[in-house]
Amino acid sequence: MAKTGENELSDICIVYDRVRWEEKELFEKATKLGHTAKLIDGKTLSVSTHDGSVSNGFGDIVLQRCVSHYRGLYLTACFEFLDMKVINSYMVAEVCGNKLLTSLYLSKHNVPTPKTHFAFGPEVAADVAGKLGYPVVLKPIVGSWGRMVIPVKDKDVMESMIEMREEMPNPLSKIYYIQDYVERPPRDIRTIVVGDKVVTAIYRYSAEGEWRTNIARGGKAELCPITKELEDICIKASKAVGGGVLGVDLMEDENEGLLVHEINNTVEFRGASSVSTKDIAAEIINYAARMAR
Amino acid sequence: MKVSCQECDKELNVPDDAVKGEIVTCPDCGSDFEIASVNKSEVELKPAEKVGEDWGE
């Protein structure tokens, strides 16, 4: 780690498996701020239990930015095994990459979150949904960009979904994550939390004809004011899952107010950057440099 | 920078500031390619990884 004036300069490594806008932005910002930055393709890496030298060449800290959840997760486990500093930690990646664990952690730490139910077989899944009353929301435990998130309007749709899920080869598809349907405006809130700071918040409006608000689904971004309430909930949610660089997503329940429904471990911030007055990439790089010390 | 699509052979435009690891899509056939290397004005592509069930944020 070098020192220039009052600023400690770090050697920051961005591990990717495809370079999105965000990884490029992080790399360029780190370089601009005077740090040494490099981009390393996670798909080219191998780690051994008996060869610690693998950790050479990654610098002071790694920003794990793989698109593939499992590749990022297990690379993080290996990096930590090699005593390397990684953002985010394995435990954070494990919890945030799994909606069931996220819901459990949020609830355990009294973070307002939608009521969510887990069923471990097809019959009990149908029973749970029936007792809740339709509509309910069915989500895969692992997955992102709103993929396979289904608003289940009635018993027939639920039964079809269960039949389909039982035929899927992925064992996780047989664990049912059933969430109360939240009556909300056609938008949700994405906040970018870096350490103990809510850097920015945006509203994400659903694209026309789309129920989900994900930017990846064509959702549109608009700046959202960071109120004290929003800030407190986001910081509490971030702490509940272990903290780091996170995308905390919230819905505005018409009756219960703000509810955190998801936390993203390798947060995409292109949409947020397009409307935010804050330099999100610079905030992340400054945080990484602080953590590297 | 220009390079031929490995699928349909049509010419593909790669932005000058493109870096290794970025994805380019052929506007003609829609195939995705990962930039394997960039050397001055020479760019090499390889087929991009298929979107996985665990992909996302």
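## Exercises on a predicted two-chain model

In chain A, β4-β3-β5-β6 is the order of a four-stranded open sheet with parallel pairing. Keep in mind that the whole model is predicted. Let's work through it piece by piece.

### Exercise 1: the parallel sheet

Work out which strands of this sheet stand at the edges, and what packs on the sheet.

Solution. Start with the edges. They are taken by β4 and β6 (86–87) of chain A; each has a single partner strand, so one side of each is left without a neighbour in the sheet. Next, look for the helix: α2 (residues 69–81) of chain A packs on the sheet and touches β3 (11–16), β5 and β6 of chain A. The direction of α2 makes about 165° with that of β5(A). Now zoom in on the pairing of β5(A) with β6(A): the two run parallel and are joined by two bridges. One residue pair to find there is A:Leu63 with its bridge partner A:Ile87 in β6(A).

### Exercise 2: follow A:Ile87

Decide whether A:Ile87 is buried or exposed, then list what it touches.

Solution. First, place the residue: A:Ile87 sits in strand β6 of chain A. Then count neighbours. There are 25 other C-beta atoms within 10 Å, and 20 or more are needed to call a residue buried, so A:Ile87 is buried. Leaving out residues up to four places away in sequence, A:Ile87 touches A:Ile61, A:Leu63, A:Gln64, A:Gly244, A:Val245, A:Ala288 and A:Met291. Finally, check the peptide bond between A:Ile87 and A:Asn88: it is cis, with omega at about 0°. A:Asn88 itself lies in the loop between β6 and α3 (90–96) of chain A.

### Exercise 3: the antiparallel sheet

Find the strand order of the antiparallel open sheet in chain A, and the helix that lies across it.

Solution. The order is β7-β10-β8-β9, four strands in an open sheet. At its edges stand β7 (116–119) and β9 (150–152) of chain A, each with a single partner strand, so one side of each is left without a neighbour in the sheet. On average, neighbouring strands here are turned by 30° against each other, direction ignored. For a pair inside the sheet, take β8 (residues 136–139) and β10 (residues 176–180) of chain A: four bridges, antiparallel. A:Val137 has A:Gln179 in β10(A) opposite it. As for the helix, α5 (residues 122–132) of chain A lies across β7, β8, β9 and β10 of chain A, and runs at about 0° to β10(A). In the loop between α5 and β8 of chain A you'll meet A:Pro135, and the peptide bond from A:Tyr134 to A:Pro135 is cis, with omega near 0°.

### Exercise 4: three loop residues

Sort A:Asp60, A:Asp83 and A:Trp145 into buried, partly exposed and exposed.

Solution. Use two cut-offs on C-beta atoms within 10 Å: 20 or more means buried, 12 or fewer means exposed, and in between means partly exposed.

- A:Asp60, in the loop between β4 (36–41) and β5 (61–64) of chain A, has 20 such neighbours, so it counts as buried.
- A:Asp83, in the loop between α2 and β6 of chain A, has 8, so it counts as exposed. It also has a positive phi of about 60°, although it is not a glycine.
- A:Trp145, in the loop between β8 and β9 of chain A, has 16, so it is partly exposed. Its phi is positive too, about 60°, and it is not a glycine.

### Exercise 5: chain A as a whole

Judge how compact chain A is, and say how it is divided.

Solution. Begin with the parts: nine helices and 15 strands. The radius of gyration is 20 Å, close to the 19 Å from the globule rule for 293 residues, so chain A is as compact as a globular protein of that length. Its buried residues make up 42% of the 293. The division is into domain 1 (2–95), domain 2 (98–112 + 183–285) and domain 3 (116–180). The centres of domains 1 and 3 of chain A are 35 Å apart, taken over C-alpha atoms.

### Exercise 6: over to chain B

Describe the hairpin of chain B and the contact with chain A.

Solution. The hairpin is made by β4(B) and β5(B), with two residues between them. In its turn, B:Lys40 has a positive phi of about 55°. Strands β4 (residues 32–39) and β5 (residues 42–47) of chain B pair in the antiparallel sense over six bridges, and B:Ser37 has B:Glu44 as its bridge partner in β5(B). The contact between the chains takes 11 residues from chain B and 20 residues from chain A. On the chain B side, three are nonpolar, three polar and five charged.

Notes. Residues are numbered from 1 along each chain as its sequence is written. Chains are lettered from A and ligands numbered from 1 in the order in which they are written. This is a predicted model: local features need pLDDT of at least 70, side-chain atom pairs count only at pLDDT 80 or more; totals for chains, interfaces and linings use all residues. Two strands pair if DSSP finds at least two bridges between them. Axes are lines fitted to C-alpha atoms, for helices over the stretch in contact, and angles run from 0 to 180 degrees between N-to-C directions. Two residues are in contact if their C-beta atoms, placed from the backbone, lie within 7 Å. Ala, Val, Leu, Ile, Met, Phe, Trp, Tyr, Cys and Pro count as nonpolar, Asp, Glu, Lys and Arg as charged, and the others, Gly among them, as polar. The radius of gyration is taken over C-alpha atoms; the globule rule is 2.2 Å times the number of residues to the power 0.38. Domain bounds come from an automatic or database domain assignment.
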